[in-house]
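User: Before relying on any labels here, I would like to see the reasoning behind them. Could you take me through the assignments one by one?

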Amino acid sequence: MITALNHFTVIAEDPQQTLDFYVGLLGLTSGDRPDLGFPGAWLYAQRGGPALVHVYFDRPVPAQRAGVIDHMAFSASGLKAVKARFDERAHPYDLRRQRGAGTWQLFCHDPNGARVELDFDAGETLD
């Protein structure tokens, strides 16, 4: 029986751009990674927590970038500040508000073509 999602793995066409997106723009932290015999990175949302995103630096990016996985979604906070970072970098995104629940959803793509969703509490504002 599945009890949790462990991580997503991203193949990085450009390691620096990929880390800049996940660390610099989304706010994950690069942290401990065992020696797996190939270059990469493990990215964390919080110290002591699990590595949510694993990044490979040594593999070719597939021709069909997204494959059958549509997107990865993260719970997030700080909607106004995150939106400001995206605007400052002119990184394209689509910000929506769910009908009913009011959850804010920010959709974007990483530098490798992976679609990413950030979900913010309905109580957050852009004011």
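Analyst: The model is predicted, and the turns below set its computed values against the criteria that apply to them.

User: What makes His-54 count as buried?

Analyst: Its relative accessibility is 11%, and the cut-off for buried is under 20%, so His-54 falls in that class. His-54 is found in strand E4, residues 51–56, and, leaving aside residues up to four places away in sequence, it touches His-7, Phe-8, Thr-9, Val-10, Ala-41 and Trp-42.

User: Why is Tyr-56 called partly exposed?

Analyst: Tyr-56 has a relative accessible area of 23%; since buried requires under 20% and exposed over 50%, this value lies in between, and Tyr-56 is therefore partly exposed.

User: How do you know that the buried residues of H1 are on the same side?

Analyst: In helix H1, residues 15–25, the residues Thr-18, Phe-21, Tyr-22 and Leu-25 are buried. They cover an arc of only 120 degrees around the axis, and therefore they are on the same side of H1. The general background is that an α-helix has 3.6 residues a turn, so residues three or four places apart point the same way.

User: What about the buried residues of H2?

Analyst: Those are Leu-79, Val-82 and Phe-86. Their arc around the axis is only 75 degrees, which puts them on the same side of H2. The buried residues of H2 pack against H1, E6, E7 and E8.

User: Why is the pair of Phe-21 and Tyr-22 called edge-to-face?

Analyst: A search of the whole structure finds 3 aromatic pairs. For Phe-21 and Tyr-22 the ring centres are 4.8 Å apart and the planes stand at 85 degrees; pairing asks for centres within 6.5 Å, and edge-to-face for planes over 60 degrees apart, so this pair meets both conditions and is edge-to-face. Both Phe-21 and Tyr-22 are buried.

User: How do you know that Phe-38 and Tyr-56 form an edge-to-face pair?

Analyst: The distance is 5.4 Å centre to centre and the angle between the planes is 85 degrees, to be set against the limits of 6.5 Å and 60 degrees. Phe-38 lies in the loop between strand E2 (29–31) and strand E3 (40–44), whereas Tyr-56 lies in strand E4, 18 residues apart, and the pair thus links distant parts of the chain.

User: What makes Arg-33 and Arg-59 residues that sit over a ring?

Analyst: The charged end of Arg-33 sits over the ring of Phe-38, 5.1 Å from its centre, while Arg-59 lies over the face of Tyr-56 at 3.7 Å from the ring centre. The distance limit is 6 Å, and the position must also be within 35 degrees of the ring normal.

User: How do you know that His-91 makes a polar contact with His-109?

Analyst: A polar atom of the side chain of His-91 lies 2.9 Å from the backbone oxygen of His-109, and the cut-off for such N or O pairs is 3.5 Å. His-91 is in the loop between H2 and strand E6 (94–97); among the residues that it touches are Phe-21, Leu-25 and Phe-86.

User: Which residues have the most contacts inside the largest nonpolar core?

Analyst: That core has 23 residues, and those with the most contacts inside it are Tyr-22, Phe-86, Val-116 and Leu-118. H1, E3, E4, strand E5 (72–76), helix H2 (79–89), strand E7 (104–109) and strand E8 (115–120) each supply at least two of its residues.

Definitions and conventions. Residues are numbered from 1 along each chain as its sequence is written. This is a predicted model: local features need pLDDT of at least 70, side-chain atom pairs count only at pLDDT 80 or more; totals for chains, interfaces and linings use all residues. Side-chain values use heavy atoms; hydrogens and water are left out. Helices (H or I, at least four residues) and strands (E, at least two) are DSSP runs, numbered from the N terminus. Buried means under 20% relative accessible area, exposed over 50%, partly exposed in between (1.4 Å probe, protein chains only). Contact means heavy atoms within 4.5 Å. The arc is that of the directions from the helix axis to the C-beta atoms. Rings of Phe, Tyr and Trp (its six-membered ring) pair if their centres lie within 6.5 Å; planes under 30 degrees apart count as stacked, over 60 as edge-to-face and the rest as tilted. A nonpolar core is a set of buried Ala, Val, Leu, Ile, Met, Phe, Trp, Tyr and Cys residues joined through side-chain atoms within 4.5 Å. A polar contact is a pair of N or O atoms within 3.5 Å; within protein, one must be able to donate a hydrogen and the other to accept it, and residues adjacent in sequence count only if both atoms are side-chain atoms.
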